[in-house]
Amino acid sequence: MSANQHICEHCGSPSVQLKHVTRSFGKGANLLVIEGIPLWSCSNCGESYFTAATMHEVERIKTLRRSVAVSRPVSVAAFEAQAHA
Ligand SMILES: [Zn+2]
């Protein structure tokens, strides 16, 4: 547990919990997947959000992707809602 008390940015409730999620940015040859991004999820108001510091770090990783990212074979599927409509 973190020693830092955290409150929801939206409703100020302390019932906000830290999760770690995977997000992808860009697409095709520029697709970048970042794992373990801290996401705050509030059980009081239902909001989930990244802090400004987290978004800043995400931007830094995207900028430095050539030096910090490793290439892994990954399965990528596109959800095509139109195909079966
Ligand atoms: Zn909240």
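**Salt bridges, sheet and zinc site in a predicted model**

Lys 62 and Glu 59 form a salt bridge in which the closest N and O atoms are 3.3 Å apart. The structure is a predicted model, and this contact is a convenient place to enter it. Because Lys 62 and Glu 59 are three residues apart in helix H1, about one helical turn separates them. Lys 62 is partly exposed, its relative accessible area being 30%, and Glu 59 also counts as partly exposed, at 40% relative accessibility.

The structure holds three salt bridges, and another of them belongs to helix H1 as well. Here the side chains of Arg 60 and Glu 57 meet at 2.9 Å, N to O, and since these residues are three apart in helix H1, about one helical turn lies between them. Arg 60 is partly exposed at 39% relative accessibility, while Glu 57, with a relative accessible area of 32%, is partly exposed too.

There is also a salt bridge between the side chains of Glu 35 and Arg 72, with an N to O distance of 3.1 Å. This pair links distant parts of the chain, for Glu 35 lies in strand E2 and Arg 72 in the segment after helix H2 (65-68), 37 residues apart. Arg 72 has a relative accessible area of 55%, and it is classed as exposed because that value lies over the 50% cut-off.

Strand E2 leads to the sheet, an open one in which three strands follow the order E1-E2-E3 with antiparallel pairing. Its edges are strand E1 (16-25) and strand E3 (48-49), each of which pairs on one side only. Helix H1 (residues 52-63) packs on this sheet, where it touches E1 and E2, and its direction makes about 180° with that of E2.

Between the antiparallel strands E1 and E2 there are nine bridges, and within this pairing Val 21 stands opposite Ile 37 in E2. The two strands form a hairpin with six residues between them, and in its turn Gly 26 has a positive phi of about 70°. Strand E2 (residues 32-42) is joined to E3 by two bridges, again in antiparallel fashion, and the bridge partner of Trp 40 in E3 is Tyr 49. The hairpin of E2 and E3 has five residues between the strands, with Gly 46 taking a positive phi near 85°.

Which residues does Thr 54 touch, not counting those up to four places away in sequence? Its place is in helix H1, and the residues it touches are Ile 37 and Pro 38. Thr 54 counts as buried because its relative accessibility of 10% falls under the 20% cut-off.

The remaining feature to follow is the metal site. The zinc ion has as its protein donors the SG atoms of Cys 8, Cys 11, Cys 42 and Cys 45, which lie 2.2 to 2.4 Å from it. The angles among the four donor atoms are 107 to 113°, and the site is tetrahedral. Along the sequence, the spacing of the donor residues is C-x2-C-x30-C-x2-C. Is Cys 8 buried or exposed? Cys 8 is buried, with a relative accessible area of 3%, whereas Cys 11 is partly exposed at 34%.

Key:
Residues numbered from 1 in each chain as written. Predicted model: local features only at pLDDT ≥ 70, side-chain atom pairs only at ≥ 80, totals over all residues. Heavy atoms only, no water. Pairing = 2+ DSSP bridges. Helix = DSSP H or I, 4+ residues; strand = E, 2+ residues; numbered from the N terminus. Contact = heavy atoms within 4.5 Å. Axes fitted to C-alpha atoms, helices over the stretch in contact; angles between N-to-C directions. Donors = N, O, S within 2.8 Å, 3.2 Å for Na, K, Ca; no water. Tetrahedral: all angles 85-135°; square planar, octahedral: opposite > 155°, others 65-115°. Buried < 20%, exposed > 50% of the residue type's maximum accessible area, 1.4 Å probe, protein only. Salt bridge = Lys/Arg side-chain N within 4 Å of Asp/Glu carboxyl O.
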